[in-house]
Amino acid sequence: GDGWVDLSDVSAIASNYGLNYRLMNPEKLSSQSGHPELYLVPNKFTYVPGESVHIDVMLGTNTEPISEFRGIGFQLNINPTYIKQGTYSLQFGDNYICRFADCADFVRTSDFSGIAAGSLVKTDGIQAYGYGRIAELNFVIDDFVTTSAVIPILFLNYKGIDSNGDE
């Protein structure tokens, strides 16, 4: 490429998605000293079958905000038996990174595997600073869920890059 990520790169990513190998033992941003935290905040903590779940994907905190942000990619994993088919989505929409900037995003979700993969990159060459919501994860609890359970949602394979292309 030309060293810049822009909207023309999105079609190449979409056509080649899934043709790469998964990362083994990825380092998590929250476990690296000096890196901002990536975490989930649900709109509530108890749900019943048939109810919609809305979870904010957050990056950075007021005590450890992001600086020089250029892009991030991550995967979320949920046990698919909890997901009502056709309701699983990940959306970047209104987020603090792209509020006043040009960005490109890429999302793939699978109700069958429970994987939601997303990436967000700034395309204007200006770094982002701060903390807050970067995406929203949504699904409906399947009507066939009959037992009360904690639903683990795991981050997999995620990395962030700064304005120099460094992780």
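Trainee: How do the residues lining the second largest pocket divide into nonpolar, polar and charged?

Mentor: Bear in mind that we're reading a predicted model. In it, the lining of the second largest pocket splits into 15 nonpolar residues, 4 polar ones and 1 charged.

Trainee: And what volume does the second largest pocket have?

Mentor: About 430 Å³. Its lining counts 20 residues, and those closest to the centre of the pocket are F45, Y47, A149, V150 and I151.

Trainee: Which strands each supply at least two residues of that lining?

Mentor: Look at β1, residues 38–42, and β2, residues 52–59: each gives the lining at least two residues.

Trainee: Let's turn to the fold, then. How many helices and strands does the chain have?

Mentor: You'll find 1 helix and 9 strands. Walking from the N terminus, the order is α-β-β-β-β-β-β-β-β-β. As for burial, 35% of the 167 residues in the chain are buried.

Trainee: How should I read a sheet made from such strands?

Mentor: Start with the general idea: strands of a sheet pair through backbone hydrogen bonds, in either a parallel or an antiparallel way. Here, 4 strands make an open sheet with the order β1-β2-β8-β4, and the pairing is antiparallel.

Trainee: Which strands stand at the edges of this sheet?

Mentor: Those are β1 and β4 (89–91). Each has a single partner strand, so one side of each lacks a neighbour in the sheet. Ignoring direction, neighbouring strands of this sheet are turned by 25° against each other on average.

Trainee: How many bridges join β1 to β2?

Mentor: There are 5 bridges, and the two strands run antiparallel. To see one of the pairs, pick P42: its bridge partner in β2 is I55.

Trainee: Over how many bridges do β2 and β8 pair?

Mentor: Over 8, again in the antiparallel sense, with β8 covering residues 132–140. Try two pairs on screen: H54 has N138 in β8 as its bridge partner, while M58 has R133 in β8.

Trainee: Now the disulfide. What's the general idea, and which cysteines form it here?

Mentor: A disulfide is a covalent bond between the sulfur atoms of two cysteines. This structure holds 1 disulfide. C98 and C103 form it, with their sulfur atoms 2.0 Å apart.

Trainee: Is the disulfide left-handed or right-handed, and how can I tell?

Mentor: Check the torsion about the S-S bond of C98 and C103: at about -100°, the torsion is negative, so the disulfide is left-handed.

Trainee: Where does C98 fall, buried or exposed?

Mentor: The cut-off for buried is under 20% relative accessible area. C98 has 17% relative accessibility, so C98 counts as buried. C103, with a relative accessible area of 22%, is partly exposed.

Trainee: One more residue: in which strand is the place of R108?

Mentor: R108 sits in β5, which spans residues 103–109. With a relative accessible area of 35%, R108 is partly exposed.

Trainee: What separation do the C-alpha atoms of R108 and Q91 have?

Mentor: Those atoms are separated by 9.9 Å, and the two residues lie 17 residues apart along the chain.

Note on methods: Residues numbered from 1 in each chain as written. Predicted model: local features only at pLDDT ≥ 70, side-chain atom pairs only at ≥ 80, totals over all residues. Heavy atoms only, no water. 1 Å grid on protein atoms, 1.4 Å probe; cavity = no way out; pocket = protein on both sides within 12 Å on 5 of 7 lines; lining within 4 Å. Points joined across faces, edges and corners; volume = space filled by probe spheres on them. Nonpolar A, V, L, I, M, F, W, Y, C, P; charged D, E, K, R; others polar. Pairing = 2+ DSSP bridges. Axes fitted to C-alpha atoms, helices over the stretch in contact; angles between N-to-C directions. Disulfide = S-S within 2.5 Å. Buried < 20%, exposed > 50% of the residue type's maximum accessible area, 1.4 Å probe, protein only.
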